[in-house]
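Here are my notes for you, written as a short numbered tour. Keep the picture open while you read, and try to find each part as we come to it.

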Amino acid sequence: MAPINLENVQLYGKIDFDETKYPSHSNVHTVLTKECLKFIVLLHRTFNAKRLELLNNRDLLQKKIDSDPSKLVEIFTSNQIPKIRENSDLWSGPVAFGPGLQNRHVEITGPPVRNMLVNALNTEAADAYMVDFEDSSSPTWENMINGQVNLYDAIRNQIDFNNGKKDYKLNDNFVKLNTVMVRPRGWHMDEKHLKIDNEYISASIFDFGVYFYNNAQKLIELGKGPYFYLPKMEHHLEAKLWNDIFNVSQDYLNIPRGTVRATVLIETLPAAFQLDEIVYQLKTHMAGLNCGRWDYIFSTIKKLRNLPNHILPNRDLVTMGVPFMSNYASQLPTVCHKYGISAIGGMAATIPIKDDPVKNEIAMKKVVDDKQRELSKGFDGSWSATPVLCSVVKSVFDKLGTPNQIHYIPDTANINSQDLLNTSIDGFKITTDGIRLNLDIGLQYMEAWVRGNGCVAIHNLMEDAATAEVSAKMLYQWVRHNVELSDKPGQYVTSELTLQILKEETQRLIKENEHRENKFELVAKYFEPEITGTKFSDFITTMLYDEVITPTEAPFDLSLLK
């Protein structure tokens, strides 16, 4: 193999962070070595052109949807591969689970923050921890790099630390701890602190590459990976791109192909029509599929935003019981179990209401009912956003009595492609309070995100970026179609109305948070064109990204890397 050169590679990220909070003495130089950088440069030069081509294909799909909405089913099913669906013998996937992936009743999720890593890994009720560099992380350079350092230390059982107020320590050695799965950022994101050949590196490749290079061999020794969650894909060729990256990466480190295992989040409308194809493209690396419910709502609005017969109502009415969501979730276990892989349910995000036992009991019952619904549909496990909820989720899925129910293939023959587009909802209403709630949630999340926090408690729910995406896309859709307000007949959702309420909500939040420096005015300026119909951004996170990057004035001298 030809040597990898670092010519035309510029690193603009800060390298010297405060290391006093790392008793392990791990730091940026531990995870971003010269050899690691060469590895991710290789991946970028090999695969970035294909990534950009696939991202452009998303735009082409949107143009088809907008230009010929009468043929939605034909458009969404055009990427299916009949020979795969007609002949499951083509499946060449794993003959066995990856170590630690047999039982996935409860997977706790959260960002790679050091104290949260310790708390999650100490949660006995959880079978696995999905460490999220994506929607529950604000992608500041320090967050992304410290996240890699934190994982490096956790995998080596050297993550114990004191934050000045409390000791954080793993309960036992790592061999006995939960399986770790890493979710890199989506294909649409760049990492703007690293430029290669005048292009920003893919954030997906950066997150995956740094983690894989530093930890793959150690995880294999421990019998715990390397495992990944793959987000935001819209086409089976995007899954193939990941499969190609896995193969090249394993070859590069002399690791047998198929060692990597990946679970794909089915959280976009186009992907819901390509489950078989996505499974097939990942072949020997496939571990399962997951229902990303809030992102799926966001994607459905985004793709169908210009079609007046697909308007969604107030967010509290868009539950897993409405047709398009129920049908989407129902088909997933059927496809997964046909191929012998896991079906993982959605997020339990409720935060316990400690000061109101009655409300807390009602909230916990809703969680149990939701997980019971998933269990009955054939799911093998589900997500929890907090350690407390893990035991609640576990109490439901442990009823199986077996590590999974992959032996059970639900009969979903009655669900067809048209059913995935059935956005009719009983009790449809769009109200002034619905506008206000979307603005309140959107502003609160975005403000926290630009301050570096991507995992935010809002109205007793632990929220990630998907909740703000739903807020923005709903409001755009309501203004775009000038929908009538259910609580004020004869009045309509206009740009003037949403702007007026945006100003009111912004001022209220500024006043409520005047005890600290806040950025509500800043994020309101970004939010305004999105919710008044004058601009549509595919992702709020890319729209806000420049507010959290901290590039150095000049590139870092790469010769100083270890």
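1. Which residue in S7 is the bridge partner of Leu 11? Leu 194 is the partner in S7. Before going on, please note that this is a predicted model, where local features need pLDDT of at least 70 and side-chain atom pairs count only at pLDDT 80 or more, while totals for chains, interfaces and linings use all residues. Residues are numbered from 1 along each chain as its sequence is written, and side-chain values use heavy atoms, with hydrogens and water left out.

2. Now for the sheet around that pair. Three strands form an open sheet in the order S1-S7-S8, with antiparallel pairing. Strands here (E, at least two residues) and helices (H or I, at least four) are DSSP runs, numbered from the N terminus, and two strands pair if DSSP finds at least two bridges between them. The edges are strand S1 (9-11) and strand S8 (199-202), each of which pairs on one side only. Between S1 and strand S7 (residues 190-196) there are 3 bridges. In general, strands of a sheet pair through backbone hydrogen bonds, either parallel or antiparallel.

3. Look next at the loop between S7 and S8, where you will find Asp 197. Its phi is near 55°, a positive value in a residue other than glycine.

4. Helix H2 (residues 34-67) lies across S1, S7 and S8, and runs at about 100° to S8. Axes are lines fitted to C-alpha atoms, for helices over the stretch in contact, and angles run from 0 to 180 degrees between N-to-C directions.

5. H2 also meets helix H8 (residues 236-252): their axes come within 10 Å and cross at roughly 175°. That makes H2 roughly antiparallel to H8, the word used for angles over 145 degrees (under 35 is roughly parallel, 65 to 115 roughly perpendicular and the rest oblique). Among the residues making the contact (heavy atoms within 4.5 Å) are Phe 39, Leu 42 and Arg 58 of H2, and Leu 237, Asp 244 and Tyr 252 of H8. The contact residues divide into 10 nonpolar, 1 polar and 5 charged; Ala, Val, Leu, Ile, Met, Phe, Trp, Tyr, Cys and Pro count as nonpolar, Asp, Glu, Lys and Arg as charged, and the others, Gly among them, as polar.

6. Do find the barrel too. Its 8 strands close in the order S2-S3-S6-S9-S10-S11-S12-S13, with parallel pairing. Neighbouring strands of this barrel are turned by 25° against each other on average, direction ignored. Strand S2 (residues 106-110) and strand S3 (residues 128-132) share 4 bridges, and Thr 109 has Met 130 in S3 as its bridge partner.

7. One more loop deserves a look. Pro 226 sits between helix H7 (203-222) and strand S9 (227-230), and the peptide bond from Gly 225 to Pro 226 is cis, with omega near 10°.

8. Finally, step back to the whole chain. An automatic or database domain assignment gives domain 1 (9-419) and domain 2 (429-546). Their centres, taken over C-alpha atoms, are 26 Å apart, and the contact takes 44 residues from domain 1 and 39 residues from domain 2.
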